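Subject: Structure for your review

Dear colleague,

I am passing on the structure we spoke about, and below it you will find notes on what turned up when I went through it. Please read them with the coordinates open beside you.

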Amino acid sequence: MAYGDSEHDGTLQVAWDAFCEQLRQAGRFAFKDANPANPLQRADAFRFLTQNLGQAFDLALETKDPAFPQIHWFTTPTMKLGGDVADFTYRQAWISGEHVYRLSGRRGTARWLNITVQGPRPETIPGTKWPSLHEPFGDIPECNILGTQLECDAEGRFELLIGGEPRDRNWLPLTPGSRKLFIREAFDAWGETPTPLTIERLGMASPPPLPSPARMAEAMDWAGRFVSGLMEQWPEHSWMTSGGVCDPAQPNTFPGASANDASDARRGRMAAHMIWQLQPDEALVVEMDVHEGFWIFGLGGAFMGSMDFLHRPVSYTPARTRVDTDGVVRLVLAHDDPGVHNWLDTQGFSQGNLTYRNLLTQSPAAFRTQLVKRGELMDHLPARTAMVTPEQRAAMLLERYRAVKLRYGI
């Protein structure tokens with residue numbers, strides 16, 4: 001048996017060649033102007049691509065049939081997408097308004113959980129001429145339920161019905177355009193536990209069909225557009241289209257206001273975003289007046305994927321942050337450990353992103369930044385700034401490592 005012996009060989013070969021060409025084009029975007037021309041970040045661009053190459057066909061094929069839904073983790077410690085935040089976990093399941101689903105779980109102790117039904121993905125962002133973000137993003141939130149709104153039994157177990165007849169409790173409606181269940185969970189203190197979840201379509205009684213040549217070719221096309229889209233669109237898409245994102249021509253400053261429209265409300269958060277740039281002998285002090293609620297700061301690379309949150313201090317939340325006596329949260333971005341408790345490790349990158357999320361409340365944040373010489377850093381911090389020893393830092397990193405592994409069950 002050889003190529004050409006099946007009537008579908010040509011279709012499959014053409015589809016595969018097109019996917020490979022999309023992958024080739026995706027690699028060229030590693031050298032874009034938005035990615036600094038240093039060895040670490042050039043390599044990181046290809047790491048961003050290969051991490052997502054690993055999940056391309058999970059999204060495009062293995063979990064794609066909404067009649068046989070599966071929950072897919074699309075960010076993990078070893079797989080990042082643009083815009084993910086270190087102290088969130090992100091899961092999704094492809095669904096359809098034609099069906100009814102049961103989502104079952106046992107509520108963990110993570111501080112925040114939001115389950116959203118996502119609707120149609122328009123060609124352009126509503127009200128603009130900008131194209132929607134690459135699949136599986138770009139769709140519009142239709143409805144959501146927070147973890148605090150779920151009714152659970154005494155042991156935290158719950159069932160959430162999605163679609164079908166309206167219910168008074170634990171129910172989300174679907175529309176003809178519903179296409180995805182988007183699940184985000186956010187963690188504050190180390191040791192908080194995740195919410196394990198499983199989904200099924202009501203009435204499942206037989207296995208899914210095996211992929212046909214036509215279905216396989218369709219998946220190759222989807223996967224190709226996914227890998228090329230993520231490399232082409234991050235980070236520029238966010239600069240051009242997202243609220244609460246600073247002007248890339250003005251690094252090291254936050255925008256004047258956070259993103260907080262109706263879409264953000266369904267996502268359950270306010271957001272602000274800063275691009276940072278640091279020379280080897282510089283450090284950046286980021287200040288925020290402390291406010292109520294649950295907020296998260298997280299570092300990302302040039303493509304806005306989160307940094308190594310398993311091994312490095314690249315994120316802070318209220319439970320893990322020291323607030324100075326004047327009521328100000330001060331974070332320090334530096335290439336090496338200055339001994340400051342609230343150190344954000346740049347991983348040696350010269351440029352990246354710092355994102356802020358505010359959950360649970362509408363408390364506005366006031367940000368200030370100061371670029372200083374690394375050798376003069378302590379002159380710009382309060383005398384009573386919380387410090388740590390090398391031994392304490394090592395213990396903090398081990399605590400982080402164990403807590404993050406707990407979130408993902410690894």
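The expected span of a helix is 1.5 Å times one less than its number of residues, and that definition is needed for the first point. Please keep in mind throughout that this is a predicted model.

Helix 2 covers residues 39-62, and because its 24 residues should span 34 Å at 1.5 Å a residue, the 35 Å between its end C-alpha atoms agrees with expectation. The helix nevertheless has a kink of about 35 degrees, which is centred on Gln 55. Gln 55 is also one of the buried residues of helix 2, a list that further includes Gln 41, Ala 45, Phe 48, Leu 49, Gln 51 and Asn 52, together with Ala 56, Phe 57, Leu 59, Ala 60 and Leu 61. Among the elements that cover these buried residues are helix 1 (9-28) and helix 3 (213-233), as well as strand 1 (72-73), strand 2 (88-94) and strand 16 (351-359).

The second largest pocket, with a volume of about 400 Å³, has a lining of 18 residues, of which Leu 61, Glu 62, Lys 64, Asp 65 and Arg 215 are the closest to its centre. Helix 2 and helix 3 are the elements that give two or more residues to this lining, and the largest share, five residues, comes from helix 3. Sorted by class, the lining of this pocket holds nine nonpolar, seven charged and two polar residues.

Turning to the loop between strand 1 and strand 2, you will find Pro 77 there. Pro 77 has a relative accessible area of 10%, and because buried means under 20%, Pro 77 counts as buried. Leaving aside residues up to four places away in sequence, Pro 77 touches Phe 309, Leu 310, Val 404, Tyr 408 and Ile 410. Its C-alpha atom is separated by 9.8 Å from that of Thr 89, which lies 12 residues away along the chain.

As for enclosed space, the count comes to three cavities of 30 Å³ or more, and the largest cavity has a volume of about 40 Å³. Arg 322, Asp 324, Arg 330, Val 340, His 341, Asn 342, Thr 385 and Ala 386 line this largest cavity, and by class they comprise three charged, three polar and two nonpolar residues.

With best regards

Methods: Residues are numbered from 1 along each chain as its sequence is written. This is a predicted model: local features need pLDDT of at least 70, side-chain atom pairs count only at pLDDT 80 or more; totals for chains, interfaces and linings use all residues. Side-chain values use heavy atoms; hydrogens and water are left out. Helices (H or I, at least four residues) and strands (E, at least two) are DSSP runs, numbered from the N terminus. The bend at a residue is the angle between axes fitted to the seven residues ending there and the seven starting there. Buried means under 20% relative accessible area, exposed over 50%, partly exposed in between (1.4 Å probe, protein chains only). Contact means heavy atoms within 4.5 Å. On a 1 Å grid over the protein atoms alone, a cavity is a set of points where a 1.4 Å probe fits but cannot get out, and a pocket is an open set with protein on both sides within 12 Å along at least five of seven lines; lining residues have an atom within 4 Å of a point. Grid points are joined across faces, edges and corners, and a volume is the space filled by probe spheres set on the points. Ala, Val, Leu, Ile, Met, Phe, Trp, Tyr, Cys and Pro count as nonpolar, Asp, Glu, Lys and Arg as charged, and the others, Gly among them, as polar.
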